[in-house]
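These are my notebook entries on a structure I looked up today. I went from single residues to the whole chain and back to the charged side chains.

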Amino acid sequence: MARHYESELTQFLNQYKHEHADTEQRQREGRARLWDKNLDPELLENFRAGRVSQRPYVYQTD
């Protein structure tokens, strides 16, 4: 009996994906826009070289 159980949330998501067939494609496009970026190694190296180390107590003025 428990083998075929689906929670209400799973049922809702399955129904939503059935009614909105382009959902997964839009998710992939959103991920590509925000996260899947090709990084320039030279630019990354310049960022790392330009880092300033943080002091142990950042509010100390001396």
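I began with aspartate 22, which is partly exposed, because its relative accessible area of 41% falls between the 20% limit for buried and the 50% limit for exposed. I note here that the model I am reading is a predicted one. Aspartate 22 sits in the loop between helix 1 and helix 2, the latter covering residues 23-34. I then looked up how far aspartate 22 is from glutamine 54, and found 32 residues in sequence and 46 Å in space, C-alpha to C-alpha.

**Entry on the overall form**

I next asked myself how many helices and strands the protein has. I found three helices and zero strands, and along the sequence the pattern reads α-α-α. The radius of gyration is 24 Å, well over the 11 Å that the globule rule gives for 62 residues, so the protein is more spread out than a compact globule. When I took the box along the principal axes, the C-alpha atoms filled roughly 70 × 30 × 20 Å. I also noted that 3% of the 62 residues count as buried, and that the protein exposes about 6,800 Å², of which carbon and sulfur atoms supply 52%.

**Entry on a nonpolar patch**

In helix 1, which covers residues 8-19, I looked up phenylalanine 12, and I recorded it as partly exposed because its relative accessibility is 49%. Phe12 belongs to a nonpolar patch on the surface together with Leu9, Leu13 and Tyr16, and these residues have about 400 Å² of accessible area together.

**Entry on charges and salt bridges**

I turned to the charges and found 10 positive and 11 negative ones, whose mean positions are 3 Å apart. Side chains of opposite charge can pair when their charged atoms come close, and my count of salt bridges came to four.

One of them joins lysine 17 to glutamate 24, with the closest N and O atoms 3.7 Å apart. Lysine 17 is partly exposed at 39% relative accessibility, and glutamate 24 is partly exposed as well, at 37%. Glutamate 24 also meets arginine 28 in a salt bridge, at 3.6 Å from N to O, and these two residues are separated by about one helical turn because they are four residues apart in helix 2. Through shared partners, Lys17, Glu24 and Arg28 are thus joined into one network of salt bridges.

Finally, I looked up aspartate 36, which forms a salt bridge with arginine 31 at 3.2 Å between the closest N and O atoms, and I noted aspartate 36 as partly exposed, at 44% relative accessibility.

Technical notes
Residues are numbered from 1 along each chain as its sequence is written. This is a predicted model: local features need pLDDT of at least 70, side-chain atom pairs count only at pLDDT 80 or more; totals for chains, interfaces and linings use all residues. Side-chain values use heavy atoms; hydrogens and water are left out. Patches are made of residues with over 30% relative accessible area and no salt bridge: like charges are joined within 9 Å, nonpolar side chains (Val, Leu, Ile, Met, Phe, Trp, Tyr) within 5 Å. Accessible areas come from the Shrake-Rupley method with a 1.4 Å probe; for residues, only the protein chains shown count as cover. A salt bridge is a side-chain nitrogen of Lys or Arg within 4 Å of a carboxyl oxygen of Asp or Glu. Buried means under 20% relative accessible area, exposed over 50%, partly exposed in between (1.4 Å probe, protein chains only). The radius of gyration is taken over C-alpha atoms; the globule rule is 2.2 Å times the number of residues to the power 0.38. Lys and Arg count as positive and Asp and Glu as negative; His and the chain ends are not counted. The place of a charge is taken as NZ of Lys, CZ of Arg, CG of Asp or CD of Glu.
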